[in-house]
Amino acid sequence: MDYAQALWLYLILLFGIIVVPGMDMFFVLANALTRGRRAGFAAVAGIMLGGAVHTLFGALAVGVLTQLPTTIFQAMILIGAAYMAWIGYTLLRSTITVDSIGSATTRSDWVAFRQGLVTCLLNPKAYLFVLAVFPQFMRPEYGPIWSQALIMGLMTVAMQLLIYGGLALAASRGRDALVGHPEVTVWIGRGACALFVAAALFTAWHGLTQHVGP
């Protein structure tokens, strides 16, 4: 397999991992539905930065991560699960409503960006993806690792922008139908809470039962 074929295959795998609903997608949708387009895209920007960090992490970790003791990897997974559960808890405690179009403030956009970054960085699915895929596509015969990481990083953030940005735009346009119906958004928040908690439980179980490393 030459380098061009490897990049096409990576692109397909990348699309598959991003388009599957997960904590990043839920976070973008929650912000776009409840705070509008700006907050939705602020969340996307944070997640894109997190995706770039994951790529850097993958470049540094090729040939190393799989040698880590199982307990260290499990700790990484459990931290992500705990963070998902915490997001679900905060959604349950809050009464999410769509107050008015364009109500997002600069501070709320910054919070959405920051939390989007943290959400992405603690996303267990991303670490599993790095462990499973990166060693297959970052190879010495393809050239310097840093140049491969740069190309894969650009592909990653572009795919995140395409998928999550599209979702944020579609969800923010759907806010008009929710204005004046706060009970709908309350149930959206509770549904998102259930998704986060369920994902946290599954992730914790997977992290405790999956053997990674020597």
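V118 is found in helix α5, and that helix is a good place to begin a walk through this predicted model. At 30% relative accessibility, V118 counts as partly exposed. The residue also shows how the chain folds back on itself: V118 and G50 are 68 residues apart along the chain, yet their C-alpha atoms are separated by 7.4 Å.

## The overall picture

With that starting point in hand, here is the whole chain. It contains nine helices and zero strands, so its pattern, read along the sequence, is simply α-α-α-α-α-α-α-α-α. The chain has 214 residues, and 44% of them are buried. Among contacts with a separation of 6 or more, 89% are between residues 24 or more positions apart. The accessible surface of the chain comes to about 10,800 Å². Carbon and sulfur atoms account for 72% of that surface.

## Pairs that come together from afar

V118 and G50 have company. The table lists three pairs of residues with their separation along the chain and the distance between their C-alpha atoms.

| Pair | Separation in sequence | C-alpha distance |
|---|---|---|
| V118 and G50 | 68 residues | 7.4 Å |
| L60 and A149 | 89 residues | 9.4 Å |
| Q136 and A6 | 130 residues | 8.7 Å |

Some of these residues can be placed in the fold. L60 sits in helix α3, and with 65% relative accessibility it counts as exposed. Q136 belongs to helix α6. The relative accessible area of Q136 is 41%, which means that it is partly exposed.

## The nonpolar core

Which residues have the most contacts inside the largest nonpolar core? They are Y10, L14, V28, F134 and Y164, in a core of 34 residues. Six helices give two or more residues to this core: α1 (3–19), α2 (23–35), α3 (37–61), α5 (106–121), α6 (124–137) and α7 (145–173). Helix α7 supplies the largest share, with nine residues.

Helix α7 also holds Q148. Is Q148 buried or exposed? At 1% relative accessibility, Q148 counts as buried. Leaving aside neighbours within four places in sequence, Q148 is in contact with Y3, F137, M138, R139, Y142 and G143.

## A closer look at helix α2

Helix α2, one of the contributors to the core, deserves a visit of its own. It has 13 residues and reaches 18 Å from its first C-alpha to its last. That span is close to the 18 Å expected at 1.5 Å a residue. Ten of the 13 residues of α2 are buried, so this helix is largely enclosed by the rest of the structure. The buried residues are M23, D24, M25, F26, F27, V28, N31, A32, L33 and T34. V28 is in this list, and V28 is also among the residues with the most contacts inside the largest nonpolar core. Just after α2 comes G36, which takes a positive phi of about 105°.

## A nonpolar patch on the surface

Nonpolar side chains also appear on the outside. L9, I12 and L13 make a nonpolar surface patch of about 250 Å². L9 is part of helix α1, and its relative accessibility of 36% makes it partly exposed. An α-helix has 3.6 residues a turn, so residues three or four places apart point the same way. If you would like to see this in the structure, look for L9, I12 and L13 together in the patch.

## One salt bridge

How many salt bridges does the structure hold? There is one, and it joins the side chains of D109 and R38, with an N to O distance of 2.8 Å. The pair links distant parts of the chain, with D109 in helix α5 and R38 in helix α3, 71 residues apart. Side chains of opposite charge can pair when their charged atoms come close.

The two partners sit in unlike surroundings. D109 has 9% relative accessibility and counts as buried, whereas R38 is exposed, with a relative accessible area of 53%. The cut-offs explain these labels: a residue is called buried because its relative accessible area is under 20%, and exposed because it is over 50%.

The salt bridge also brings the tour back to its start, as D109 lies in helix α5, where V118 is found as well.

Conventions. Residues are numbered from 1 along each chain as its sequence is written. This is a predicted model: local features need pLDDT of at least 70, side-chain atom pairs count only at pLDDT 80 or more; totals for chains, interfaces and linings use all residues. Side-chain values use heavy atoms; hydrogens and water are left out. Helices (H or I, at least four residues) and strands (E, at least two) are DSSP runs, numbered from the N terminus. Buried means under 20% relative accessible area, exposed over 50%, partly exposed in between (1.4 Å probe, protein chains only). Contact means heavy atoms within 4.5 Å. Accessible areas come from the Shrake-Rupley method with a 1.4 Å probe; for residues, only the protein chains shown count as cover. A nonpolar core is a set of buried Ala, Val, Leu, Ile, Met, Phe, Trp, Tyr and Cys residues joined through side-chain atoms within 4.5 Å. Patches are made of residues with over 30% relative accessible area and no salt bridge: like charges are joined within 9 Å, nonpolar side chains (Val, Leu, Ile, Met, Phe, Trp, Tyr) within 5 Å. A salt bridge is a side-chain nitrogen of Lys or Arg within 4 Å of a carboxyl oxygen of Asp or Glu. The expected span of a helix is 1.5 Å times one less than its number of residues.
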